[in-house]
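Here is a brief report on a protein chain. Look at the sequence and the model first, then read on.

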Amino acid sequence: MTSDLRNRLLLLLVLPLCVLAVVGVWMDYRSADDAASRHDQRLLRLLPALADSVVAPSIHEHGAPLLLLAPPVEDFLRQNAGFAGYSVRDADGQLLLGDEWVDGVVPTTAQPEFHSLEYGGVTYRVAVQRGRTGAGELVVAIADGSDPRQQWAQQLLLRVLLPNLVLVAAAALAIHWAVGRAFKPLVDLAEAVEHRSPRDLSPIDESASPTEVRPLVHSLNRLFALVNAQAEGQRRFVADAAHQLRTPLAGLQAQVEAWAMMAKAAGAVQGDSANLDRKQPLAPTHKAQGAIVLGVEQIEKLRNATRRTSQLAHQLLALSRADERSMDAQPLQRVDLKDLCETLLENFLDAATGKGLDLGLEVQPVHVTGHGWLLRELMSNLVDNAIKYTPAGGVVTMRCGQRLVPSGALRVYLEVEDDGPGVPESERSRVMQRFYRVPGAVGEGTGLGLAIADEISRVHRATLTLDTGAQGRGLRVTVLFP
C-alpha cells in the first residue's frame, strides 16, 4: 500500500515537472524562432545595402566590379567577424566578389530567398537576392553564423534537454526522499499493527501519529475495543459457566461415587448369586419399596459420565484462565519443574496402576520463571491424555531437564512420552485445535487437553511440539522454554 502511494505521488509530482520541461523547451524554441525571424529581417535589410555597395562595373575585361561596402554591411561583417560572409555573383553563378563558400542556387526572380549551409563546422543562415547593381544585374548573398535558431538546434542537448533532465531527476529524488519521510509514521504504524500478537488489542497512541492519520488510528482503536470487549465477554462467559458448573458437578460426582461404592459392596456380599445374575440380561432399573434401584453397570456409566462432565468444566475454566492477556498482570514466580513432576506422579499413580500402565519419571533439578499452577495444569493435561490413550501394559514417562538445541544453546524442557497409538503426522497441527479429536481415536476425551497445553506454552513463550515416541511408537510431547 505504502509503495503504491509513494509511486502514485511520485508520478503525480514528476509528470507535471516533465510537462513543464517540455513547455520550457517549446518556449525556448519559440524564443529562438522569434529571434531568428528578426535576424532574417536584418539580413533582408542588408541585401539592398550590399547591392548598392557594387558601385561600378570592372574597368578591366573579366575583372571584378568596383565595390564600396555600405556602412551597415561593413558594421555587420566587423561585428560578426569569423561568423559572417558575403558574395557577389553574376547571373551564371560565377563568383565576382566576396567569399567562395557563400554559395547557393541562383534565384530566378527578384524575391529574396533564404537557406542554410554548413561551413567549417558552423551552420550559416544565407540570404540571397537577384537585383540591379551599379555593375548591372547581379546576385548578392550575405551569410550569418549567429542564427539563434541554428544555435538552439545545435545546443539542444547541452542547453535544454540536459538541464531539464537533471532538474527532473533531482526533483524525483527529492520527492522520493520527502515522501518517504512523510510516510514514515504511516509505515511505523503499519509495522506496529502487523507485528502485534493476535491477543494484543491494546489501543494505539493517537498523539504519536500525524494529524492526517489520527482518524485511522482512532478507528483502529475503536475496532480493537469492540473486539476486546467481545472476546472479554466470551472469556467471562466461559469462566462463569465453568465455575458455576463445578459445584453441582462436584456434588453429583460425589454422590455417584458413593452409589458406585455401595453397589460394588452389595455385589460382593451377594457372591455367587450375583455372578449368576450377571450372566443373565438385567433390566436397567427395577422398583423396590417405591425406590428406583440402579444396577452396577448403570451406576458405572453414570459415574464415568459425571467424571467426563466435571473434567470438561474444569478444562473450560483452565482454558479461560490460561489467556495470555489475563496472565500478563499476574506476577511470575520461580517454578521447580522437578518438584512439579514428582507431585504429578503421585497424583496420577493410582489412575495409571488401575489401567495397568508403567508411569515413570526421568527428571533433573531445573527451574523456569512462570506461573506454577498453569504449568501444573499443562503437565496434568499431557499426562492425563497419555494415560487415556495408552493401552494396558504400556509405558508413560514424564521428563524435565536441559538439552542442547540446534543453535547450540541449553534449553529447559518438559516432556511426556507414551507408547500408545500416537498421532499421525498429518493430524499434528489440527490436534492443537479446541474440541478436535483424531478420527478413529479410542478412549474418552474432550479434545481440549492439547489445546490447553498449547495455550499455556504460548503464555510462557515456550514451544510445544509433537513427535513420534521411542522406537517409532506412541507420542512424545515436548515443551521447550526460551
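## The β15–β16 hairpin

Strands β15 and β16 run antiparallel and are joined by 6 bridges. This is a predicted model. One bridge pairs L464 with V479 of β16. The hairpin has 6 residues between its strands. Among the residues of this hairpin, Q471 takes a positive phi near 60°.

How many of the 6 residues of β16 are buried? The count is 5, so β16 is largely enclosed by the rest of the structure.

## The mixed sheet

β15 and β16 belong to an open sheet of 5 strands. The order is β11-β13-β14-β16-β15, and the pairing is mixed. The edges are β11 (358-363) and β15 (463-468), and each of them pairs on one side only. Neighbouring strands are turned by 15° against each other on average, direction ignored. As a general point, strands of a sheet pair through backbone hydrogen bonds, either parallel or antiparallel.

On its other side, β16 meets β14. Strand β14 covers residues 410-418 and β16 covers residues 475-480. These two strands pair in the antiparallel sense, over 5 bridges. E415 has T478 of β16 as its bridge partner. E417 has R476 of β16 as its bridge partner.

## Helices on the mixed sheet

Which strands does helix α9 touch? Helix α9 (residues 337-354) packs on the sheet and touches β11, β13 (395-404) and β14. The direction of α9 makes about 175° with that of β11.

Helix α10 (residues 372-389) also packs on this sheet. Its contacts are with β11, β13, β14 and β16. The direction of α10 makes about 30° with that of β14.

## T397, a residue inside the sheet region

T397 is found in strand β13. Is T397 buried or exposed? Residues under 20% relative accessible area count as buried. T397 has 11% relative accessibility, so T397 counts as buried.

Leaving out residues up to four places away in sequence, T397 touches G360, E362, E415, V416 and E417. Of these contacts, E415 and E417 also have bridge partners in β16: T478 for E415, and R476 for E417.

## Helix α11

Helix α11 spans residues 449-459. Why is α11 described as largely enclosed by the rest of the structure? The reason is that 10 of its 11 residues are buried. The buried set includes the nonpolar residues L450, I452, I456 and V459. D454, E455 and S457 are also in the buried set, as are G449, A451 and A453.

R461 follows α11. The phi of R461 is positive, near 55°.

## The antiparallel sheet

Another open sheet also has 5 strands. Its order is β4-β3-β7-β6-β5, with antiparallel pairing. The edge strands are β4 (95-98) and β5 (113-119), and each pairs on one side only. The twist averages 25° from one strand to the next.

At one edge, β5 pairs with strand β6 (residues 122-133) in the antiparallel sense, over 7 bridges. S116 stands opposite R125 in β6. E113 stands opposite V128 in β6. The hairpin of β5 and β6 has 2 residues between the strands. In that hairpin, G120 takes a positive phi near 60°.

A helix lies across part of this sheet. Helix α2 (residues 71-79) lies across β3 (84-89) and β7 (136-144). It runs at about 135° to β3.

## A nonpolar patch

Which residues make the nonpolar surface patch of about 420 Å²? They are V19, V23, W26 and M27. M27 is found in helix α1, which covers residues 2-53.

## The whole chain

The protein chain has 11 helices and 16 strands. It has 482 residues, and 37% of them count as buried. The chain exposes about 28000 Å². Carbon and sulfur atoms supply 58% of that area.

How do contacts spread along the sequence? Take contacts between residues at least 6 apart in sequence. Of these, 62% join residues at least 24 apart.

How values were computed. Residues numbered from 1 in each chain as written. Predicted model: local features only at pLDDT ≥ 70, side-chain atom pairs only at ≥ 80, totals over all residues. Heavy atoms only, no water. Pairing = 2+ DSSP bridges. Helix = DSSP H or I, 4+ residues; strand = E, 2+ residues; numbered from the N terminus. Axes fitted to C-alpha atoms, helices over the stretch in contact; angles between N-to-C directions. Contact = heavy atoms within 4.5 Å. Patch = residues over 30% accessible without salt bridge, like charges linked within 9 Å, V, L, I, M, F, W, Y side chains within 5 Å. Areas by Shrake-Rupley, 256 points an atom, 1.4 Å probe, with all protein chains shown as cover. Salt bridge = Lys/Arg side-chain N within 4 Å of Asp/Glu carboxyl O. Buried < 20%, exposed > 50% of the residue type's maximum accessible area, 1.4 Å probe, protein only.
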